Structure formats: C-alpha cells, structure tokens
Amino acid sequence: MKQIAKNAKNRLERLGAMATEYRYSILVVFSCVMLGVSYVVYTTLLPTNRLRIVFIDVGQGDSIYIESPTRTRVVIDGGPQAQSDVSLSGYVPFFDKHIDLISPTHADSDHITGLVEDIHRYHVGATTEIHASSTSSIFATYEKEKVGTLYAGRAGDAIDIGGGAVLTVLLPK
C-alpha cells in the first residue's frame, strides 16, 4: 500500500514538472507569435514617413505602384498581360488585398489588361476614367468592370493620397 502511494506521489511530481515545462513552452510559443503579429502590424499597417514609388517591369512598359506615407495604394497602368498580381504581391501584403486607386494612362490593351486582373483580385476603392475610346475587348471589359468611385481626371486636377503626397493629372487638357 505504501508502495502504491509512493508511486502515485512520484507520478504526480513528474506530471507537475511536465506541466511546468509545458507552461514555459506555451509561454515561449505565445511570445513568439505575439512578436510576429506585432512585426506584421508595425511593418504593414501603421503609417510610415515614406512615400514609396515602385516601377514594376510588366513586359512591354512599366506598371507604377505608389504607396503614400498613410498607406494609400495607387496602381498606374497594368501591363499587357494578366500578371500584375504577381508583380504586386511583393508590395501589397497577402492579408490586405486593398488598392485605393487604379489608373490607366490610356486605352491601349498593353496598359489596361493587368488592371482588369487587379480589379478582379483586389478590393479597389476607385478607378479613373479613360478619356479615349478603343474597340478592343479588354477596353470594353475595363469600362464594364470599373469599380468604386470614378475619377474623371483633367489636366491640373490634384488627388491627395495622404501624408503630403499629391498626384497631379497632366493630361488630357
């Protein structure tokens, strides 16, 4: 009987030691997770003091990604192929699929094809109107699928994207 009580006591002591070890392990894992979450929030969600402009090679020409100090995101032109998402994935966090403004410079398919894909893959807050017409099917698709607020920019118009950054429309007059 004493042996059984002694064995039970030893088992309880071992379980207590294991529970203490697990508590420390859980605490360490929890601390690492919280540190990782804090890093993601700090680097991707909080405002910065920098204006970020990236020229992305999309084949024929460039797509321009702009992120203001207040994290407003603008994409100008999308390239000739539906690969813009691959290009933007290095700059737009995977968990925040939001672009504030999409703006093509003109109606040619080598500028708007990638933007149509961006409209499908991201939540787009606003698009700009193209002051030209085209008979291409991709132009018709862009016109049909424009979302959000529609900017009909004219020369001299200014779009405040936050943090002191302003986009100025140069053309059309």
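# Exercises on a predicted model

Aspartate 96 is partly exposed, with 21% relative accessible area. The model used in these exercises is predicted.

**Exercise 1.** Find which residue aspartate 96 meets in a salt bridge, and state where each partner sits.

Solution.
- Step 1. The side chain of aspartate 96 meets that of arginine 73 in a salt bridge, at 3.2 Å from N to O.
- Step 2. This pair links distant parts of the chain: aspartate 96 is in the loop between α2 (84-88) and β4 (98-103), and arginine 73 is in strand β3, 23 residues apart.
- Step 3. Buried means under 20% relative accessible area. Arginine 73 has 2% relative accessibility, so it counts as buried. Aspartate 96, at 21%, is partly exposed.

**Exercise 2.** Describe the salt bridge of glutamate 67 and say which network it belongs to.

Solution.
- Step 1. The partner of glutamate 67 is arginine 71, with the closest N and O atoms 2.9 Å apart.
- Step 2. Glutamate 67 is buried at 5% relative accessible area, and arginine 71 is buried at 13%.
- Step 3. The structure holds five salt bridges. Another of them joins glutamate 143 to lysine 146, where the closest N and O atoms are 3.0 Å apart. Glutamate 143 is partly exposed at 31%, whereas lysine 146 counts as buried at 19%.
- Step 4. Through shared partners, salt bridges join Glu67, Arg71, Arg73 and Asp96 into one network.

**Exercise 3.** Work out whether serine 68 is buried or exposed, and list what surrounds it.

Solution.
- Step 1. Serine 68 is in the loop between β2 (62-67) and β3 (73-76).
- Step 2. Its relative accessible area is 1%, so serine 68 is buried.
- Step 3. Its side chain makes a polar contact of 2.9 Å with the side chain of threonine 70.
- Step 4. Apart from neighbours within four places in sequence, serine 68 is in contact with Thr48, Arg50, Leu51, Ile161, Gly162 and Ala165.

**Exercise 4.** Locate histidine 131 and name the residues it touches.

Solution.
- Step 1. Histidine 131 lies in the loop between β5 (123-128) and α4 (137-145).
- Step 2. With a relative accessible area of 29%, histidine 131 is partly exposed.
- Step 3. Not counting residues up to four places away in sequence, histidine 131 touches Ala152, Gly153, Arg154 and Pro172.
- Step 4. Leucine 171 is 40 residues from histidine 131 along the chain, and their C-alpha atoms are separated by 9.3 Å.

**Exercise 5.** Place leucine 46 in the chain and relate it to the nonpolar surface patch.

Solution.
- Step 1. Leucine 46 is in the loop between α1 (2-44) and β1 (52-57).
- Step 2. Its relative accessible area is 41%, so leucine 46 is partly exposed.
- Step 3. Leu46 is one of the residues of a nonpolar patch on the surface; others include Val29, Tyr42, Leu45 and Phe94. Together the residues of this patch have about 1,100 Å² of accessible area.

**Exercise 6.** Decide how the spread of the chain compares with a compact globule.

Solution.
- Step 1. The chain has four helices and eight strands, in the order α-β-β-β-α-β-α-β-α-β-β-β from the N terminus.
- Step 2. The radius of gyration is 26 Å, well over the 16 Å that the globule rule gives for 173 residues, so the chain is more spread out than a compact globule.
- Step 3. The C-alpha trace spans about 100 × 35 × 25 Å along its principal axes.
- Step 4. Of the 173 residues, 34% are buried.

How values were computed
Residues are numbered from 1 along each chain as its sequence is written. This is a predicted model: local features need pLDDT of at least 70, side-chain atom pairs count only at pLDDT 80 or more; totals for chains, interfaces and linings use all residues. Side-chain values use heavy atoms; hydrogens and water are left out. Patches are made of residues with over 30% relative accessible area and no salt bridge: like charges are joined within 9 Å, nonpolar side chains (Val, Leu, Ile, Met, Phe, Trp, Tyr) within 5 Å. Accessible areas come from the Shrake-Rupley method with a 1.4 Å probe; for residues, only the protein chains shown count as cover. A salt bridge is a side-chain nitrogen of Lys or Arg within 4 Å of a carboxyl oxygen of Asp or Glu. Helices (H or I, at least four residues) and strands (E, at least two) are DSSP runs, numbered from the N terminus. Buried means under 20% relative accessible area, exposed over 50%, partly exposed in between (1.4 Å probe, protein chains only). The radius of gyration is taken over C-alpha atoms; the globule rule is 2.2 Å times the number of residues to the power 0.38. A polar contact is a pair of N or O atoms within 3.5 Å; within protein, one must be able to donate a hydrogen and the other to accept it, and residues adjacent in sequence count only if both atoms are side-chain atoms. Contact means heavy atoms within 4.5 Å.
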